[in-house]
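Colleague: I have a new model on screen and would like to learn how to read it. Can we go through it feature by feature?

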Amino acid sequence: MTAPTPETPGVSPYLTVSDADAAIDFYRRAFGAVELSRMPGPDGKKLMHAAVTINGGLVMMSDDFPEFADGRSSTPEALGGSPVTIHLNLADVDAAWQRAVDAGATVTMPLEDQFWGDRYGQLTDPFGHRWSLATHQRDVTPEEIEAAMNASSPE
């Protein structure tokens, strides 16, 4: 077993995935994740707990254990998706985007310059979790944002 995780920040996502070992590998390739720890389950195959850092933040995860949840699976695949999006602010969103796509992420909102001043897009990882990636490009006033929204809204 690797070293225990450092003190947990105030808020950290805890993901349930269908294959935590594969998820760690994907997050390493896609987002440059650094593995901090993993705790195998009793069967030695599934992970009861794992922790990685991504872009300076802590992300924890485990394999799905329906046997501990009244037989219900809690992965995004089993639930038909996830209402949660994990956001990454990045220095070079284009390079990070390409790494994630090359690693197997699915584009759900194309990476584009947005009216609120960010270059922004959304991806879904192979385990059903949604990620938004952005680089701030320019400061925009609330009035400019409102005008851009009004100009693009259907009437």
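Modeller: Yes. Start with one residue. Asp-92 is partly exposed, because its relative accessible area is 44%, and partly exposed covers values between 20% and 50%. Keep in mind that this is a predicted model.

Colleague: Where does Asp-92 lie in the chain?

Modeller: Asp-92 is in a loop, between strand E5 (85–89) and helix H3 (93–103). Sequence position and place in space are separate readings. Asp-92 and His-136 are 44 residues apart in sequence, and their C-alpha atoms are 9.6 Å apart.

Colleague: Which elements make up the whole protein, and in what order do they run?

Modeller: The protein has four helices and eight strands. From the N terminus the order is β-α-β-β-β-α-β-α-β-β-β-α. The C-alpha trace spans about 55 × 30 × 30 Å along its principal axes. The chain has 155 residues, and 39% of them count as buried.

Colleague: How much of the contact total comes from residues 24 or more positions apart?

Modeller: Take the contacts with a separation of 6 or more; residues 24 or more positions apart account for 51% of them.

Colleague: Now a loop residue for contrast. Is Thr-75 buried or exposed?

Modeller: Buried means under 20% relative accessible area. Thr-75 is buried because its value is 4%. Thr-75 sits in the loop between strand E4 (57–63) and H2. Set aside neighbours within four places in sequence, and Thr-75 is in contact with Thr-16, Val-17, Ser-18 and Asp-64.

Colleague: How should I read a strand pair?

Modeller: Start with the general idea. Side chains in a regular strand alternate between the two faces of the sheet. Then look at direction and bridges. Strand E2 (residues 34–40) and strand E3 (residues 47–54) run antiparallel, joined by six bridges. Ser-37 stands opposite Ala-51 in E3.

Colleague: What links E2 and E3?

Modeller: They form a hairpin, with six residues between the strands. Check the turn for phi. Gly-44 there has a positive phi of about 75°.

Colleague: How many aromatic pairs are there, and how do I classify one?

Modeller: The structure holds 10 aromatic pairs. Read the ring planes: over 60 degrees counts as edge-to-face. Phe-26 and Tyr-27 are edge-to-face because their planes are at 70°, with ring centres 5.5 Å apart. Phe-26 is buried, at 1% relative accessible area. Tyr-27 is buried too, at 0%.

Colleague: What about Phe-31 and Trp-131?

Modeller: Their planes are at 40° and their ring centres 4.5 Å apart, so this pair is tilted. Phe-31 lies in helix H1 (residues 20–31) and Trp-131 in strand E8 (residues 130–136), so the pair ties together parts 100 residues apart in sequence. Both residues are buried.

Colleague: Which residues form the aromatic cluster?

Modeller: Phe-26, Tyr-27, Phe-31, Phe-127 and Trp-131 form one cluster.

Colleague: Last feature. What is the volume of the largest pocket, and what lines it?

Modeller: Read volume, then lining, then chemistry. The largest pocket has a volume of about 170 Å³. Its lining has 14 residues, and Ser-74, Pro-76, Ser-82, Val-84 and His-129 lie nearest the centre. Strand E1 (14–17) and helix H2 (76–79) each supply at least two lining residues. E1 gives the most, with three.

Colleague: And the chemistry of that lining: how many residues fall in each class?

Modeller: Eight are nonpolar and six are polar. The lining of the largest pocket has no charged residues.

Terms used. Residues numbered from 1 in each chain as written. Predicted model: local features only at pLDDT ≥ 70, side-chain atom pairs only at ≥ 80, totals over all residues. Heavy atoms only, no water. 1 Å grid on protein atoms, 1.4 Å probe; cavity = no way out; pocket = protein on both sides within 12 Å on 5 of 7 lines; lining within 4 Å. Points joined across faces, edges and corners; volume = space filled by probe spheres on them. Nonpolar A, V, L, I, M, F, W, Y, C, P; charged D, E, K, R; others polar. Buried < 20%, exposed > 50% of the residue type's maximum accessible area, 1.4 Å probe, protein only. Contact = heavy atoms within 4.5 Å. Pairing = 2+ DSSP bridges. Phe/Tyr/Trp six-rings, centres within 6.5 Å; stacked < 30°, edge-to-face > 60°.
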